[in-house]
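This briefing describes how the chains of one model are built and how they meet. Please look over the sequence and the structure below before reading on.

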Amino acid sequence: MKSRWLILVLIVLAIALPWFFYDWGHHRHAGFLLSMLSQMGMMVILALSYNMLLGQAGLFSLCHATFFGIGGYAAIHLLNAAGTGDLPFPMEVMPLLAGLAGLALAILFGAMATKQRATAFAMITLGIGELMATAALMFHHFFGGEGGVTTNRMIENSLFGLTYSSGLQVYYLILAWTTLAAVLMYYLTLTPLGRMANATRDNFERAQFIGYDPRIVRFLQFALSGFFAGIGGGLYAITYEIVTFDALAAPLSANALLMAYIGGTTVFGGPILGAILITLLQSGVSLLSNSWLVYVGVMFIAMVIFAPTGLAGIVKAHGPIKHAGRMGSLLVPYLRLVIPSLGLLLGFIGLVELMSFLTIGAAQGKKLVLFGGSIDVNATLPWAISLGSFLLGGLWLRFEAAGFHRVWENLSAEVRR
Amino acid sequence: MTALSLRDVRKNFGATEIIRGVTLDIAPGERHCIIGPNGAGKTTCFNLISGRFPITSGEILLNGERIDTMPPHKINRMGLSRSFQITSIFQRMSVFENLRCALLWSRSYRYSFWSPLWRQKALNEAAEVLLEDLNLTARRDILAGLLSYAEQRALEIGMTIAGGASVVLLDEPTAGMSNTETDYAMALIRRVTHGKTLLMVEHDMKVVFDLADTITVLVYGQVIASGSPVDVRANRAVQEAYLGALEE
Amino acid sequence: METILISVLNGLVYGMLLFMLASGLTLIFSMMGVLNFAHASIYMLGAYLAFTVSRFVGFFPALIIAPILCGLIGAAIEIWGLRRVHHNGHIAELLFTFGLVFIIQRLVQMTWGMLPMAYRVPPSLDFPLFVLYGANFPAYRGFMLLVSAAMLLGTWLLLKKTRIGLIIQAALTHPHMVSSLGHNVPRVFTTVFAGGCLLAGLAGVIGGNYQTTEPGMAESMGPIVFVVVVFGGLGSLAGCFIASVVMGMIQTFAVVIDYSVADLLRPMGVMLTGDTLLTEVLTVPVARIGALLPFVMMVTILFFRPRGLMGTRDT
């Protein structure tokens, strides 16, 4: 019940957010915010559809961007055809058509890949992803080679008479489709197929002995997830009016994985959280630092080791304790974690930034500005402080974490009773 | 017509013959137990019948139809269901979901991605009834992986019979249970397999002689005796090969 | 004729390099059931470390030191990383090594910068070994073949003659049995993982100056190695060897073949005109499709023989 309110608040917030930053003096929307929100919408679809594989069906795919990208390319060509009047479809259904393109390709590749399990599946999808990325660079007719293909989204065919000349209109189109896709994906988890996908994830063999062919379950799940990824790609094409091979290459597939995993694969909303967070990091931190990928990579590894359920999973784990009204007992243990974590974090950031400035930054002739001051990367002091803070924070955190773990275990045991 | 027949079934793993020509006939409604020392091939037999492994030669018939070339899910759809010696359930799904999944195919939902489960009244009621039968109603929404061992075994049996299969194979359903748990499990098995053909591997002789209509003794991949409990108990070959060793 | 001979030799050199990487990957996979996505990253590390070490002590000591460093890094990864996620299942292990790819990639960029390194063939090996029909064959490639052959022999002896080798062999054929043999499984795992990384490092040392040492080298090598391993059949060293050589040959031969499907069709009386997607696909010369071929091969073999060339078990 409560999560329904959360969703409603989220949607209202998404609708209202552009107006908070409206520039009344110039009657303009904040362009940066709009493009970031639009990007978030697409990434939410990408991450959610990826989690249909990883979280719900236990399939570790490395070619998810293939279907996103193919949706993008399809949308570009469809928009071009619609622009010349050859295609009588309004703008609003373009993402759907892009989704169908994703579906078609996912049916083709899914038939090959879902014959395999676990590791072999991951490798085949890796091969498929590389195959498509290489092909995109090679064949100019459909993919436009390195330059990609472009379009003009003002096709003057809209169900609501919109021109889509402004970023706001495009953003609302994205928001509508994101909501629709998310609702549909949630609906899928409540159908026999969705449940059997969970079942084959948990126990491939058992699923066979209750009458299901687990390969077909996985195949259908794979195909449908390709469909939703294609919708995301269609929105990408509409937003940027250009699609290059970046939209189907390996880094985007990896991004889908990072978003879904960091957000949390065990909770339906987890990937939404991950997509929003990573997009924020991407557009925020990447402006400040060259090395944002290091931070995301380390965060990812840390989650694989320490918190395999992701952020949403951590939140969910508090449910029973909150239910018993014992959240208060966790306050002090949490506070005790803050200082050592900060030490570890700041030390780590310092080391990474110093390191990367020694090589990459110096080559670009920039100056290192860290924590508000200019720093000489060749001096010993900043290195010593960073290293000290990193090591001290790490050791202290280890000690505190052990204490926290004890408190947590005791509390959980108490609540269970 | 027999419910399940094996005709000279053989199985090789590499050069070793594990099942060396087993012939069995099980009548509809019969409660049939397979006993035998460790490594006799009892579980392998189950794996062959249920299609987990392909057989090397011979024939297996279910209600008169060949099933030995079919994959497990097809055999299941023909009305044969099995449980596993090592508990095999969907660990990260709730108890209720486990049972509901086990009901899906027999109620012809197939791979539907359009029918919302919460609206399927008959299905949900059937799952609730099953929960009641298994005495798991109180544990309805707990993840199956968190159940106690005996509860997991009960769930496993529930999932095995949920699809309404006419032939049920249970692989050591009481293994690792205490005496009270065993008694409870046997009562449960009697209740839920009423009117079905039951084939069971079991080590607990008390359970076997209590429940079975027919007992088959399997030693080194061969049937050395098959008959009513009284006959088997009196069989000298069995006494020498198996029971004798137990009653020493 | 001369192109064919030289191409065969070049293909062999590249194939052996691939095998050095793929064999380590196969050993790790067979033993631990883990596909090490970061394997090509270790290869890259090997090249970079060799570059740095050789600046101080010269190429030949670096040939020994850099792989050992890579082996140690591998051991550290196994002990402090993989072992901790092991109980969370295969997917967690895959995810872990996948995350490593990111981190190693960025660490390398942070330490050595984005530009290619001036990691060159040592002067003592920088001469043409022999001249064949006017085309010369560099001595360094001969040296690479020598190192690969030595590695092949060394690994073979290790597998056949030592105790740990026997355990690894057992693991190749009976993956589930080894843990019940009573051996110190964690230590065996660490040894195998470190050994695989050592081989990858060695490949990096001799491959780094054969190709270029730059931050993108893991990204370009990784997928090819995975294709080799899948094509050969997961867990089969022999299949892995055949696949490596085949892949090496295909990659080098594709570059020199300047024909397209359209050229094949022409004698049959099929003429392609116009400017459509189909004609584009059919008229691309094989030389340009070279990069695509490994993946086409992989998808094809998996379609017809899901276990790969010589694979014996599912994953």
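Helix α5 (residues 149-162) of chain B lies across β6 and β7 of chain B, and its direction is at about 160° to that of β7(B). The model is a predicted one, and the angles, counts and distances below are computed from it. The points begin with the sheet of chain B, turn to the contacts between chains, and end with the overall form of chains A and C.

**The sheet of chain B**

- The sheet is open and consists of six strands in the order β6-β7-β8-β3-β9-β10 of chain B, with mixed pairing.
- Because β6 (80-82) and β10 (222-227) of chain B stand at the edges and have a single partner strand each, one side of each of these strands is left without a neighbour in the sheet.
- On average, and with direction ignored, neighbouring strands of this sheet are turned by 15° against each other.
- Within the sheet, β7 (residues 167-171) and β8 (residues 197-201) of chain B pair in the parallel sense over five bridges, and L169(B) has L199(B) in β8(B) as its bridge partner.
- Helix α1 (residues 42-49) of chain B also packs on the sheet, where it touches β3 (31-35), β6, β7, β8 and β9 (214-219) of chain B, and its direction makes about 145° with that of β7(B).

**Contacts between chains**

- Two pairs of chains touch, and the pair with the most contacts is that of chains A and C.
- The contact between chains A and C takes 40 residues from chain A and 44 residues from chain C.
- On the side of chain A that touches chain C, two or more residues come from each of α5 (118-138), α6 (140-143), α13 (292-306) and α16 (328-364) of chain A, and the largest share, 14 residues, is that of α5(A).
- By class, the residues on this side of chain A that touches chain C are 26 nonpolar, eleven polar and three charged.
- The contact between chains B and A draws 30 residues from chain B and 24 residues from chain A, and the elements of chain B that each supply at least two residues to its side are α2 (72-77), β6 and α3 (95-104).
- The side of chain B that touches chain A is made up of 16 nonpolar, ten polar and four charged residues.
- Chains B and C do not touch, and their nearest C-alpha atoms lie 13 Å apart.

**Chain A as a whole**

- Chain A contains 17 helices and four strands, and it is divided into domain 1 (33-306) and domain 2 (318-416), whose centres, taken over C-alpha atoms, are separated by 33 Å.
- A compact globule of 417 residues would have a radius of gyration near 22 Å, so the 23 Å of chain A agrees with that expectation.
- Along the principal axes, the C-alpha atoms of chain A fill a box of roughly 65 × 60 × 45 Å, and 47% of its 417 residues are buried.
- Of the contacts in chain A with a separation of 6 or more, 78% are between residues 24 or more positions apart.

**Chain C as a whole**

- Chain C has 13 helices and two strands, and its C-alpha trace spans about 70 × 45 × 40 Å along its principal axes.
- The radius of gyration of chain C is 21 Å, which agrees with the value near 20 Å for a compact globule with 315 residues.
- Among the 315 residues of chain C, 45% count as buried.
- Of the contacts in chain C between residues at least 6 apart in sequence, 78% join residues at least 24 apart.

Conventions: Residues numbered from 1 in each chain as written. Chains lettered and ligands numbered in written order. Predicted model: local features only at pLDDT ≥ 70, side-chain atom pairs only at ≥ 80, totals over all residues. Contact = placed C-beta atoms within 7 Å. Nonpolar A, V, L, I, M, F, W, Y, C, P; charged D, E, K, R; others polar. Domains from an automatic or database assignment. Pairing = 2+ DSSP bridges. Axes fitted to C-alpha atoms, helices over the stretch in contact; angles between N-to-C directions. Rg over C-alpha atoms; globule rule 2.2 N^0.38 Å. Buried ≥ 20, exposed ≤ 12 C-beta atoms within 10 Å, placed from the backbone.
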